[in-house]
Structure formats: structure tokens, C-alpha cells
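Student: Could you take a close look at one part of this model for me, the surroundings of the ligand? I'd like to see how that shell is put together and what the helices there are doing.

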Amino acid sequence: MVDVIVVGGGIVGMATAYHLVRAGAQTLLIDRADPGRATDAGAGILSPETNSRDPDAWFHLALAAVGDYPTLIKHLQEDQGGDTGYARCGQIVLAVSEDEWAPYDRARRLILSRQEQRGLPSRDDLYELSGTEAQELFPLLTPVYGALYYRQAARVDGRLLNQALRQAAVHRGLIIEQGTVDRLRIEHGAVTGVVVAGTARAADAVVLAGGAWSAAFGAQLGVEIPLAPQRGQIIHLGLPGVDTAAWPMLSAFRGHYMVPWPDSRLVVGATRESDAGFQPGSTVSGIQEVLSEALRLAPGLAQAEIRDIRVGLRPLMRDTMPVLGSVPGLERIWLATGHGPTGLTLGPYSGKVIAEAVLGQELSADISAFHLTRFTTQSG
Ligand SMILES: Cc1cc2nc3c(=O)[nH]c(=O)nc-3n(C[C@H](O)[C@H](O)[C@H](O)COP(=O)(O)OP(=O)(O)OC[C@H]3O[C@@H](n4cnc5c(N)ncnc54)[C@H](O)[C@@H]3O)c2cc1C
């Protein structure tokens, strides 16, 4: 019998487990490590300040989440977690064609008006760039119609961060098992453990952090978890001999972006496919889409090497916001899933807050907007 079982070893489950063992809870994490695990493919952009897509509740949680990153990185160093690739490399939000001007301008107004209202980020950190300035920062960039630069935008390597959380958590006593949680044990209105390959494992509480696969538990829990996989294909390019270390990230308005890394590597992505089910393979049309968009932003990439193609299944809720909190009508069970396209931003912090909730501690953030009941309330 352990205190807590965490189902899922992506960024959300691993962060939850890390915070649980850090607080002294005996914790077992069970992970199937599916191909298509979103955490292994994530681009790693951490920049709510330049997000113009998601609602206010998301924005406030995301600000708190990126604000907590430096503390997390420090704790992981103390706990011998290893490198995470976390760095503040900056980001340019930009339009490079006429059709992007209107959405760019809407985003620009929203981002700058938020800056005005909050008094943050400072005008030294978030400001408009001329086309020449944008090209000085990102030398391969095509001429731009408009560009907004946020100097403090950060990135993280999802695989490295997950590995660091894993190492640090194991260092603190986390037990990890590879396997499939087939079902939950439910007795007298409370979850008392899980069943793995026919064997019952008891726990005082269970956290479900199964990413895109989490909806499978809905029937047993007596709730609908309106979540589906959204496939993302993303490509790692190599630019031998080019120093990409100081380049900023780019985000344009056809849903794509570029994330540079210090090892002459540029990650370009990504597709957002809602009709691919649980198929974690890359496709001709997906690769074509990603490369065409990369060349549209930076034609000079034509001779870049293709180093790696990654595919992840984003756990996307019907309303694109995560699900965090208890399950109506059941005790000792917690949901932490549905982080969609921003789980590397939110996930480590979601894990922290869910660990606090499981342990009955005061919560670092108000997560009531992310409770599953928002769907039942909406449908009346
Ligand atoms: C191409 C791409 C680009 C992205 N870019 C960004 C970005 O720039 N910024 C950002 O913030 N986010 C980004 N994301 C989103 C982010 O990667 C995800 O939201 C996040 O990784 C989801 O983490 P998770 O732990 O919920 O799920 P996952 O990482 O998918 O992990 C879920 C785990 O649960 C396991 N599991 C499921 N069911 C069971 C079961 N029954 N028993 C045992 N184990 C089980 C699975 O095997 C898997 O290992 C991107 C995602 C993709 C695909």
C-alpha cells in the first residue's frame, strides 16, 4: 500500500509524482510509455505573454506556471535531476504575408493592451520590431509585415525535463513501474487503488495523468472526459556550422512556429490534426505542411538537414483547457490531464497544484475554472 498512485509518466504525471515525493508522500508511478507520448514531441515554447488564443483563466494559470519554472529548475538541480534545456531565448510573433496581417494585428493589440493593463512585461522586454531588426535577430527570416518581440520568452526540452523530473523524483524515493493501468479499484464511493495486469495495487489516492489516453477511464468513473488526441508532427532540422544559440523563437499566424536550440538545431512545427486518432506515425502530408511553412518563414532553410521527425498526441479537451481536480461523486481520485498544446507550459505547475490538493495542503493556485464539472454545468 502506498500513499498515492500516479497513472501516466508524461510531464504532468511525472511532475505530480515529483512534488508528491518532495512532500514526503510514498508514491508509485505507473506508465505505459505509449509511442506518441506528447511530452516526447513537444516544442517547448513557454510564453503566455505572447499567447493571443486562450481564455483569461488559462492566461493566469500559465503566468503562474512560467513564473514557477525558475524555482522548479533550482529544485531539480538540488535533487540531481540534470539538464532541462530551459532558457530565456526570446520570441518573435510575426506576420510574413498579407493574409496574416489581420490576425497578427488582433494579437498585437491584445498582447500590448495586456502589457499596458498589467504594467508587465516592461517595455524593454516586449516591443515591436522593424523588419530589419527582426532579421538581425533571426538571420534566415524572410521580410516581415509586422513583428512583436518578447525578450523573456523561454523554452524547455520536454524530454530532458521529463527525464530530470524522473531522476529527481527517484532520488527522493519515487517508485516507477512500466505497465498499463487497466482499471481503477472503486469501493464504497472511493478509489482505493488500480489494477495492473490483473494485479491489484492499493493506494490512499490515485491521480490520473494519462494524457490523450485519459478519457478511457471516464466510463468507470461515471463521467465523460471530453478529450481527444490531436496529432502534432514536428521536425528537427540541423544547420551545420550555424550558431543558432542566440536566435529567438518565431511564431507566425498559420499555426506554426520555430524553436532554435544551441546545437545548430532548429525545431519546426507543427501539425494540429484532430482526425488521426491514436496513430503516432508521421505522414507525407504532415511533413509537407511543416516543411512548407518553415520555408515560407525562412527560405534559407532549404539546405538544412533533417535530423529527426517526432510525433505526439496532444491531449485536447473540447474547450482546449486542462482538467484539474477531483471527480464528482467519488473520493480519493484526481484528474490532471487535457493540457492540449500548452502542457509543457502548464504541466509542471499543474503537477505541483494537484500534489498539494492530494495532500490536503493549501493550493498555490485557484484551479476551480479547470474542474470537470464545467462541462456538466454548461450542458445544464
Ligand atoms: C508537436 C507538439 C508540440 C508541442 N509544443 C508545445 C509547446 O511549445 N509548449 C507547450 O507548453 N506545450 C507543447 N505541447 C504540448 C505538450 O507536449 C503536452 O500538452 C504535454 O506533454 C502533455 O503531457 P501529459 O503528461 O498530459 O501527456 P503525455 O506526455 O502524452 O503522457 C501521458 C502518459 O500516460 C501514459 N498512460 C496513458 N494511459 C495509461 C494507462 N492506462 N496506464 C499507464 N500509463 C498510461 C502514456 O503511455 C503516456 O506515457 C506540444 C505537443 C506536441 C505534440
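Tutor: Sure, let's start with the make-up of the shell around the ligand: 18 of its residues are nonpolar, 21 polar and five charged. Keep in mind that this is a predicted model. There are 44 residues around the ligand, and the ones that come nearest are Gly 10, Gly 211, Gly 232, Gly 312 and Gly 343.

Now for the elements behind that shell. Helix H1 (11-22), strand E2 (27-31), strand E13 (227-238), strand E17 (305-317) and helix H8 (343-358) supply at least two residues each. H8 gives the most, with four residues.

Zoom out a little and the domains come into view. The assignment splits the chain into domain 1 (2-45 + 159-226 + 319-378) and domain 2 (88-154 + 228-317). Both of them give residues to the shell, so the ligand lies between them. Their C-alpha centres are 30 Å apart, and their contact takes 24 residues from domain 1 and 21 from domain 2. On the domain 1 side of that contact you'll find eleven nonpolar, ten polar and three charged residues.

Back to H8, and its packing against H1. The two axes are 7 Å apart, at an angle of about 40°, so H1 and H8 count as oblique to each other. Their crossing is right-handed. On the H1 side, the residues that meet H8 are Ile 11, Val 12, Ala 15, Thr 16, Tyr 18, His 19 and Leu 20. Their partners in H8 include Gly 343, Leu 344, Gly 347, Pro 348 and Lys 352. Sorted by class, this contact has ten nonpolar residues, six polar ones and one charged. Notice that Gly 343 turns up here in the contact with H1 and also among the residues that come nearest to the ligand.

H8 has another helix to deal with, H2 (residues 56-78), whose axis comes within 8 Å of its own and crosses at roughly 80°. H2 and H8 are therefore roughly perpendicular to each other. From H2, the contact uses Leu 61, Ala 62, Ala 64, Ala 65, Val 66, Asp 68 and Leu 72, while H8 brings Thr 345, Leu 346, Pro 348, Tyr 349 and Lys 352. The classes here are nine nonpolar, one polar and two charged. Pro 348 and Lys 352 are worth clicking on: they take part in the contact with H2 and in the one with H1.

How values were computed. Residues are numbered from 1 along each chain as its sequence is written. This is a predicted model: local features need pLDDT of at least 70, side-chain atom pairs count only at pLDDT 80 or more; totals for chains, interfaces and linings use all residues. Domain bounds come from an automatic or database domain assignment. Two residues are in contact if their C-beta atoms, placed from the backbone, lie within 7 Å. Ala, Val, Leu, Ile, Met, Phe, Trp, Tyr, Cys and Pro count as nonpolar, Asp, Glu, Lys and Arg as charged, and the others, Gly among them, as polar. A residue is near a molecule or strand if its C-beta atom, placed from the backbone, lies within 6 Å of it. Axes are lines fitted to C-alpha atoms, for helices over the stretch in contact, and angles run from 0 to 180 degrees between N-to-C directions. Angles under 35 degrees count as roughly parallel, over 145 as roughly antiparallel, 65 to 115 as roughly perpendicular and the rest as oblique. A crossing is left-handed if the near helix is turned anticlockwise from the far one by less than a right angle, and right-handed if clockwise.
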